[in-house]
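Work through the exercises below with the sequence and the model open. Each task is followed by a solution in steps.

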Amino acid sequence: MGQPKSVLVVGAGIGGLTAAIALRAKGFDVDVIERDPHWSVYGVGIIQQGNVVRAMTELGLIDDYLDAGVGFDFVEVCIPTGAIVARIPTPRLVPDRPANVGIGRRALQKVLGERTRAAGAKIRLGVTAEALDDDGAGASVHFSDGSDGRYDLVVGADGLFSQTRATLFPDAPRPEFTGQAVWRYNFPRLPELDALRVFEGQTGVGLVPLSDTLMYMYVTTPEPGNPWYPREGLAAVMRAKLSGVPAPLIQSLAHQITDDAEVVYKPLEWLFVDGPWHKGRVVLLGDAIHATTPHLGQGAGMAIEDSIVLADELARTDDIEAALTRYRERRLDRCRYIVEASRAICLGQIGLGPLIENATATREMFARIAEPI
Ligand SMILES: Cc1cc2nc3c(=O)[nH]c(=O)nc-3n(C[C@H](O)[C@H](O)[C@H](O)COP(=O)(O)OP(=O)(O)OC[C@H]3O[C@@H](n4cnc5c(N)ncnc54)[C@H](O)[C@@H]3O)c2cc1C
């Protein structure tokens, strides 16, 4: 198989967009398809660490990225009553750039989407791949809008419930519910919040700066049986989940959780595919092949790094098979570590595994992600 020239990326999430940007930078022709016609992204944010700052620098995006979010260098730990007992410095991986970034998901999508288009990749919304035929010389794709295309390579970046994974590897493991869920809500940013602030206790709570004016709160709760909560009344349920948290700051924020539509509730699932990550001319990246719980804040970071490594390997050789094999080899241990270490924290919190000391796990994570990719 010769070096690919044309690439179809399935899914315009964080992984698909960074893959498109990284592949365009290496000279590939790239089309992106996204199933959601509205390309909707929920309104809260994510935390990213130095490895993502490094990756965004490599992708040539760092200024736009930092302008859209907020950088910070510390993690603050509070005891359940709210007193800050530690302010832990976190390592910078790029000189003069922050160690961590909080960024709204919509703000991040805007930066990545604009850069993808400016780089010359086409993004088609409301389109999926209905049939994919890899005949060895190329992949013919029939799209849901009735059109057809032929590509040298297809990248499945279609997330946790990836249709591409199901087609390629019907026997691969499926996403598994952990027993825990996350509740999130945006607030005006506290002027003094210049760090990720984590509250210890039976109900895990954190405050994350997202921009000059915004922050969000996350709350992790055990949810045995994976209950379904109707949208109506969701704010009251989130307030009730916080009722046992003694910190006065959290109690005063809880009173402001009043809009059902703005509560983002998410059962936590995980997935790790140990077997092959590609078959012929179709390869998977991001949550489609390794999805982590958010306890180390590294899911999107792994998807972004996948994109850089995939483009790097494809550009190095004319042999697609060798490039895709090398891509997995370079990513496997690092992604496995993130998925397993995050899941261990999660299971410890809900009593389904040994309790993991958060500070130790976080320190280890910072050391691991500092390693080159
Ligand atoms: C509660 C929670 C908190 C998190 N917090 C963090 C954090 O703080 N930091 C962090 O780094 N990560 C975090 N993550 C993880 C992060 O959100 C994911 O790892 C990341 O979004 C994965 O990106 P992706 O592009 O692989 O998949 P996705 O973001 O799921 O994107 C997949 C895209 O593909 C599209 N799609 C799906 N099927 C098809 C199809 N058949 N055809 C075309 N398009 C399709 C979808 O509409 C979507 O746009 C968190 C995750 C959760 C659940």
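**Exercise 1: Charges over rings**

Arg124 lies over the face of Phe143, at 4.5 Å from the ring centre. The model is a predicted one.

Task: Place Phe143 in the fold and decide whether Phe143 is buried or exposed.

Solution.
- Step 1. Phe143 belongs to strand E10, which covers residues 139-143.
- Step 2. The relative accessible area of Phe143 is 1%. Buried means under 20%, so Phe143 counts as buried.
- Step 3. For a long-range reference, take Ala240, which is 97 residues from Phe143 along the chain; their C-alpha atoms are separated by 46 Å.
- Step 4. A second arginine can be treated in the same manner: the charged end of Arg87 sits over the ring of Phe74, 4.2 Å from the ring centre.

**Exercise 2: Aromatic pairs**

Task: How many aromatic pairs does the structure hold, and what is the geometry of the pair formed by Phe272 and Trp277?

Solution.
- Step 1. The count of aromatic pairs is 7.
- Step 2. In the pair of Phe272 and Trp277, the ring centres are 6.5 Å apart and the planes make an angle of 75°.
- Step 3. Planes over 60 degrees apart count as edge-to-face, so the pair of Phe272 and Trp277 is edge-to-face.
- Step 4. Both Phe272 and Trp277 are buried.
- Step 5. One aromatic cluster is made up of Trp183, Tyr229 and Tyr265.

**Exercise 3: The ligand and its shell**

Task: Which residues are closest to the ligand, and which backbone atoms approach the ligand's oxygen and nitrogen atoms?

Solution.
- Step 1. The ligand is surrounded by 30 residues, and the closest are Gly15, Glu34, Ile47, Arg105 and Asp287.
- Step 2. On the oxygen side, a polar backbone atom of Gly15 is 2.8 Å from an oxygen atom of the ligand. A polar backbone atom of Ile14 is 3.3 Å from a ligand oxygen.
- Step 3. On the nitrogen side, a backbone N or O atom of Ile47 is found 2.7 Å from a nitrogen atom of the ligand.
- Step 4. The ligand taken alone exposes 1,000 Å², of which the protein buries 87%.
- Step 5. Sorted by class, the shell consists of 10 nonpolar, 13 polar and 7 charged residues.
- Step 6. Elements that each supply at least two shell residues are helix H1 (14-25), strand E2 (29-34), strand E3 (45-49), strand E17 (264-272) and helix H8 (299-316).

**Exercise 4: Positive phi angles**

Task: Where in the fold are Asp96 and Asn226, and what is the phi of each?

Solution.
- Step 1. Start from the expectation: most residues other than glycine have a negative phi.
- Step 2. Asp96 has a positive phi, near 65°. Asp96 is in the loop between strand E6 (84-89) and strand E7 (100-104). Its relative accessibility is 72%, so Asp96 counts as exposed.
- Step 3. Asn226 also has a positive phi, near 55°. The loop that holds Asn226 runs between strand E16 (214-222) and helix H6 (234-241). With 31% relative accessibility, Asn226 is partly exposed.
- Step 4. A glycine case follows helix H2: Gly60 comes after H2 and has a positive phi, near 75°.
- Step 5. Within helix H2 (residues 50-58), the buried residues are Gly50, Asn51, Val52, Val53, Ala55 and Met56.

**Exercise 5: Separation in sequence and in space**

Task: How far is Ala341 from Thr292 in sequence and in space, and how far is Gln256 from Asn186?

Solution.
- Step 1. Ala341 lies in helix H9, residues 320-349. With a relative accessible area of 19%, Ala341 is buried, because the cut-off is under 20%.
- Step 2. Ala341 and Thr292 are 49 residues apart in sequence, and their C-alpha atoms are 9.1 Å apart.
- Step 3. Gln256 is in the loop between helix H7 (248-254) and E17. At 39% relative accessibility, Gln256 is partly exposed.
- Step 4. Gln256 and Asn186 are 70 residues apart in sequence and 9.8 Å apart from C-alpha to C-alpha.

Technical notes: Residues are numbered from 1 along each chain as its sequence is written. This is a predicted model: local features need pLDDT of at least 70, side-chain atom pairs count only at pLDDT 80 or more; totals for chains, interfaces and linings use all residues. Side-chain values use heavy atoms; hydrogens and water are left out. Rings of Phe, Tyr and Trp (its six-membered ring) pair if their centres lie within 6.5 Å; planes under 30 degrees apart count as stacked, over 60 as edge-to-face and the rest as tilted. Buried means under 20% relative accessible area, exposed over 50%, partly exposed in between (1.4 Å probe, protein chains only). A charge sits over a ring if NZ of Lys or CZ of Arg is within 6 Å of the ring centre and within 35 degrees of the ring normal. A residue is near a molecule or strand if one of its heavy atoms lies within 4 Å of it. A polar contact is a pair of N or O atoms within 3.5 Å; within protein, one must be able to donate a hydrogen and the other to accept it, and residues adjacent in sequence count only if both atoms are side-chain atoms. Accessible areas come from the Shrake-Rupley method with a 1.4 Å probe; for residues, only the protein chains shown count as cover. Helices (H or I, at least four residues) and strands (E, at least two) are DSSP runs, numbered from the N terminus. Ala, Val, Leu, Ile, Met, Phe, Trp, Tyr, Cys and Pro count as nonpolar, Asp, Glu, Lys and Arg as charged, and the others, Gly among them, as polar.
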